[in-house]
Amino acid sequence: MAILEILEFPDSRLRTKAAEVTEVTDKTRRVIEDMFDTMYDAPGIGLAATQVDVHQQIIVIDVSEDKSEPLVFINPKITVLDGELEKMQEGCLSVPGFYEDIERIEHCQIDAIGKDGQPFTMEATGLLAVCIQHEMDHLDGKLFVDYLSNTKRDRIRKKLEKQHRLAAKA
Ligand code: QAP
Ligand code: CO
């Protein structure tokens, strides 16, 4: 059991593009386990490796009510993205305390590798589809605040920078 440090906006390391995982090893599975520990502890419903300063294409998600449906996506690729635009309030463990409405497409299909190294395909709608798109953005160095106006994003950045300064002094 290990809780990892979560990088917070505007940390430039969150802008790193994650590399493909070339082989799923015990080390990969240890990172995944620590990511679940970190996400459940927060608590959150999704976490990308980028957020814990591991720049590999790994995502963990659990959108169930009782933390009973852990999902792992290694090297995820969206193969289908269609349906209506859906507005949903999003938050992010790397942008603590801020929630904003973001529009995303409501249905997607993903190809990925599981923690056993086996490829699989998954279809997702609603919250799961939104969460997958949000977490895949992290692997590209992108954050949900990038979809907001410059004014809104700057306001959030300034508030978090102030919190970080205060935390560093304490
Ligand atoms: C991404 O986000 C997501 O601000 C996952 O103080 C969120 O788990 C996708 C969290 C909403 C779709 C809809 C945020 C925890 C957790 C905070 C999270 C906070 C504590 C965010
Ligand atoms: Co996030």
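Trainee: In which element of the protein is confidence lowest, and in which is it highest?

Mentor: This is a predicted model, in which local features need pLDDT of at least 70, side-chain atom pairs count only at pLDDT 80 or more, and totals for chains, interfaces and linings use all residues. Side-chain values use heavy atoms, without hydrogens and water, residues are numbered from 1 along each chain as its sequence is written, and chains are lettered from A and ligands numbered from 1 in the order in which they are written. The pLDDT is the predictor's confidence in each residue, from 0 to 100, while helices (H or I, at least four residues) and strands (E, at least two) are DSSP runs numbered from the N terminus. Confidence is lowest in helix 3 (residues 150–169), at a mean of 96, and highest, at 99, in strand 1 (residues 46–48).

Trainee: Which residues are the protein donors of the cobalt ion (ligand 2)?

Mentor: Donors are N, O and S atoms within 2.8 Å of the metal (3.2 Å for Na, K and Ca); water is not among the atoms, so sites may look incomplete. The donor residues follow the spacing C-x41-H-x3-H in sequence. Lying 2.1 to 2.3 Å from the ion, the donors are Cys-92 (SG), His-134 (NE2) and His-138 (NE2).

Trainee: Is Cys-92 buried or exposed?

Mentor: Buried means under 20% relative accessible area, exposed over 50%, and partly exposed in between (1.4 Å probe, protein chains only). His-134, at 7%, is buried. Cys-92 has a relative accessibility of 11%, and therefore counts as buried.

Trainee: Which strands stand at the edges of the sheet?

Mentor: Two strands pair if DSSP finds at least two bridges between them. The open sheet has 5 strands in the order 1-2-3-4-5, with antiparallel pairing. Each edge strand has a single partner strand, so one side of each is left without a neighbour in the sheet; these are strand 1 and strand 5 (119–125).

Trainee: What is the bridge partner of Ala-48 in strand 2?

Mentor: Strand 1 and strand 2 (residues 58–61) pair in the antiparallel sense over 3 bridges. In strand 2, Ala-48 has as its bridge partner Ile-59.

Trainee: What is omega at the cis peptide bond that joins Ala-42 and Pro-43?

Mentor: Pro-43 lies in the loop between helix 1 and strand 1. The cis bond between Ala-42 and Pro-43 has an omega of about -5 degrees.

Trainee: What is phi of Asn-75?

Mentor: Asn-75 is placed in strand 3 and is buried, with a relative accessible area of 7%. Its phi is positive in a residue other than glycine, near 50 degrees.
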